[in-house]
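User: I am new to reading protein models and would like to learn how the labels are earned. Could you go through this one with me?
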There are 2 protein chains.
Amino acid sequence: MSGQPEGLVTLADVQAAGERVRGVVMETPILRSDVFEASTGLAYLGWKCENLQRTGAFKARGAVNALAALSRSHPSLEVFVTHSSGNHGQAMAYACNLNKKKARVVVPSDAPAPKVAGLRRLNADLTFCTPTQKAREETCAKLLAESGGADRARLLHPYDDPLVIAGQGTIGLEILAQVGGPSAIDAVIVPVGGGGLISGVATAIKGLAPNVKVFGAEPLNADDAARSFHAGSGTATPLAHRPGMPDTIGDGLKAMLSPRTFAHIRTRVDDIITVTEDQMKQAMRLVMDELKVVIEPSAAVGAAVALLPEFRDRLQGCKRVVVILCGGNVDLDKLSSDYISKL
Amino acid sequence: MSGQPEGLVTLADVQAAGERVRGVVMETPILRSDVFEASTGLAYLGWKCENLQRTGAFKARGAVNALAALSRSHPSLEVFVTHSSGNHGQAMAYACNLNKKKARVVVPSDAPAPKVAGLRRLNADLTFCTPTQKAREETCAKLLAESGGADRARLLHPYDDPLVIAGQGTIGLEILAQVGGPSAIDAVIVPVGGGGLISGVATAIKGLAPNVKVFGAEPLNADDAARSFHAGSGTATPLAHRPGMPDTIGDGLKAMLSPRTFAHIRTRVDDIITVTEDQMKQAMRLVMDELKVVIEPSAAVGAAVALLPEFRDRLQGCKRVVVILCGGNVDLDKLSSDYISKL
């Protein structure tokens, strides 16, 4: 990477986020396994456990950074709104509590009960709507308007936001510090949904350790990022999902890139690798059996790329690899039956 | 605790074990959850994650300590034998590999396939036998004899061994160091099976922090330790299981105390609390949902005592508590169906 494309999040932005989230979000551990290093032949294989993060996913970082920054720069803001009932919704509610702001979350009427319960536990103000994208956006707009307009209320997008991207990037800073510096690893593998996580992590990694590769991992059944990335250098607008897609157990990865996240990915990511549903289920079993941590299916894409032999050539010879396990919010009732492959 | 009863493991033994296992076993993290501290009203509730330990359970500590000590004190020993095909068997095989000794494990013919696979992966030498206690012990004796006698081969008991007890006790040392010293907590909750873990931990805790309570947690359906403990001060011999017992999902807790472990427990443990099967399943769900770590049912007994309101009075007013999550070796295929309660 050379130069600093206009409008992209910078290493300094991520470092500022690092100061804001320090001591608030968890410095998650990097686990290792002799068994996995033997089975893969990798010299170092670390697992950055954002599934152990507050609220069960990396999303806490972006939300905590955004709320901390905005509470200072725009003290009149009192209400934050989103229509993510998943990990970002919980993260925003958590961050609002820390900053004594009100969290209003639009929830589709078919949202799973555990997610609704999680939001209620965090004292989020919930507004139910019919489960269509149109209804969600309209309900958000209504909430913003009735909350007193732009001075008092703000939408917090799950990924298309520089403060959110910078917050997620703090994972990259932590990884480099925990492994012992920029020369201690060769690659980081990052799940890709809307692209906020990988945009931030790539900014941190390429800023501090330009020789470290950043690989995205994405479900084949939600491969808008991989298709956009491989469409050729002339493409600046990300592609939409293929017809009938997304259709994946990786429910956190169904979102599509925004022009902003794609701009980060085009310039700072080395490759995006797609993973089948069956490969995700294999990786779910391997990780939970060996590492003893609970991951959600979205976290399995990166694990599959690191663990399954069919991806070995895609690692471009990298021998010291860190995989980001992005979250652990999974329905335990469905775990054995739907999300892990049988032996 | 006052004085030093003859023949018991001492704090110095545990500290020597701490030197031997340092850098070999993992210093496992202590996790926390805002949600659990709010729901229990405890001021501090830490989760010592021995499920993340090498081989997936605390047993690695005792085996690593014993093998390190015996390899030095008895260099002629070349073969170690056990008839535990579970966590201790894997731990012994792991420790033998480190010390270039041969691990011979007697495996009942009905042992679950994942356990057998785990032992094979560690290059243990397996001998199958009919699944009775008598056949297991006889096969062990035969292996010991054919391995060249007491100078060359030794049985490594899963808990009735001072070196094993001292190794498990290193968890107690780590807890006190991690929380910030002897005055930072009020109690530690420890699962009880054969009693090796709690004997070692209580030795460390009462040695360094006599005011910190040590509570055992045991399945009601395998309550030999609780019955022995509460039988009165005249009892020096541990009681056997009740008729028809043990019958618990906590498969790691079916063993009975030995006179040695009971001697530690009588003098160094403050109470032993029993937990029903349903309470264990409730705790399995709570821990995996909130902490995002995989635990085996044996680890759920301590979690139940900390989390469920019906045990609050048993904590004797302690407000700062650490729970030892002893292991994570669970059959994922049975997790949703057999081991966690439905919501």
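User: What makes C326(A) count as buried?

Analyst: Keep in mind that this is a predicted model, so each value here is computed from it. The relative accessible area of C326(A) is 4%. Buried means under 20%, so C326(A) is buried.

User: How do you know which label C49(A) gets, buried or exposed?

Analyst: Use the cut-off again: under 20% is buried. C49(A) has 0% relative accessibility, so it counts as buried.

User: Why is C326(A) not bonded to the closest cysteine sulfur?

Analyst: A disulfide needs two cysteine sulfur atoms within 2.5 Å. The closest cysteine sulfur to that of C326(A) is in C49(A), at 11 Å, so the pair is too far apart for a bond.

User: How many disulfides turn up over all chains?

Analyst: Searching the whole structure gives zero. C49(A) is in none either: its nearest cysteine sulfur belongs to C49(B), 10 Å away. Set against the limit of 2.5 Å, that pair does not qualify as a disulfide.

User: What makes β1 and β9 of chain A edge strands?

Analyst: Start with the sheet. It is open and has six strands, in the order β1-β2-β10-β7-β8-β9 in chain A, with mixed pairing. β1 (30-31) and β9 (271-275) each have a single partner strand, so one side of each lacks a neighbour in the sheet. Chain B has an open sheet with the order β1-β2-β10-β7-β8-β9 as well, and its β1 and β9 pair on one side only.

User: How do you know that β1(A) and β2(A) are paired?

Analyst: Pairing takes at least two bridges. β1(A) and β2(A), residues 44-49, have two bridges, in the antiparallel sense, so they meet the requirement. Across this pairing, L31(A) is opposite W47(A).

User: What joins β8(A) to β9(A)?

Analyst: Five bridges do, and the two strands run parallel. Since at least two are needed, this counts as a pair. One partnership here is P219(A) with V275(A) in β9(A).

User: Why is β9(A) described as largely enclosed?

Analyst: Four of its five residues are buried, so the rest of the structure largely encloses β9(A).

User: Which residues have the most contacts inside the largest nonpolar core?

Analyst: They are W47(A) and W47(B), in a core of 151 residues. Leaving aside residues up to four places away in sequence, W47(A) touches several residues, including P29(A), L31(A), F36(A), L291(A) and V323(A). There is a general tendency behind such cores: in soluble globular proteins, nonpolar side chains tend to be buried together.

User: Which strands does helix α7 of chain A lie across?

Analyst: Helix α7 (residues 162-179) lies across β1, β2, β7 and β10 of chain A, and runs at about 135° to β2(A). In chain B, helix α7 runs at about 135° to β2(B).

User: What makes the relation between chain A and chain B that of a two-fold axis?

Analyst: Look at the rotation and the shift. Chain B superposes on chain A after a rotation of 180° with 0.0 Å of shift along the axis, and the RMSD is 0.0 Å. That is the relation of a two-fold axis. Both copies use the same surface, as 100% of the contact residues of chain B recur in chain A.

User: Which residue of chain B comes closest to that axis?

Analyst: It is V293(B), whose C-alpha is at 2.0 Å from the rotation axis.

Conventions. Residues are numbered from 1 along each chain as its sequence is written. Chains are lettered from A and ligands numbered from 1 in the order in which they are written. This is a predicted model: local features need pLDDT of at least 70, side-chain atom pairs count only at pLDDT 80 or more; totals for chains, interfaces and linings use all residues. Side-chain values use heavy atoms; hydrogens and water are left out. Contact means heavy atoms within 4.5 Å. Axes are lines fitted to C-alpha atoms, for helices over the stretch in contact, and angles run from 0 to 180 degrees between N-to-C directions. Copies are superposed by least squares on the C-alpha atoms of residues with pLDDT of at least 70 in both. Buried means under 20% relative accessible area, exposed over 50%, partly exposed in between (1.4 Å probe, protein chains only). A nonpolar core is a set of buried Ala, Val, Leu, Ile, Met, Phe, Trp, Tyr and Cys residues joined through side-chain atoms within 4.5 Å.
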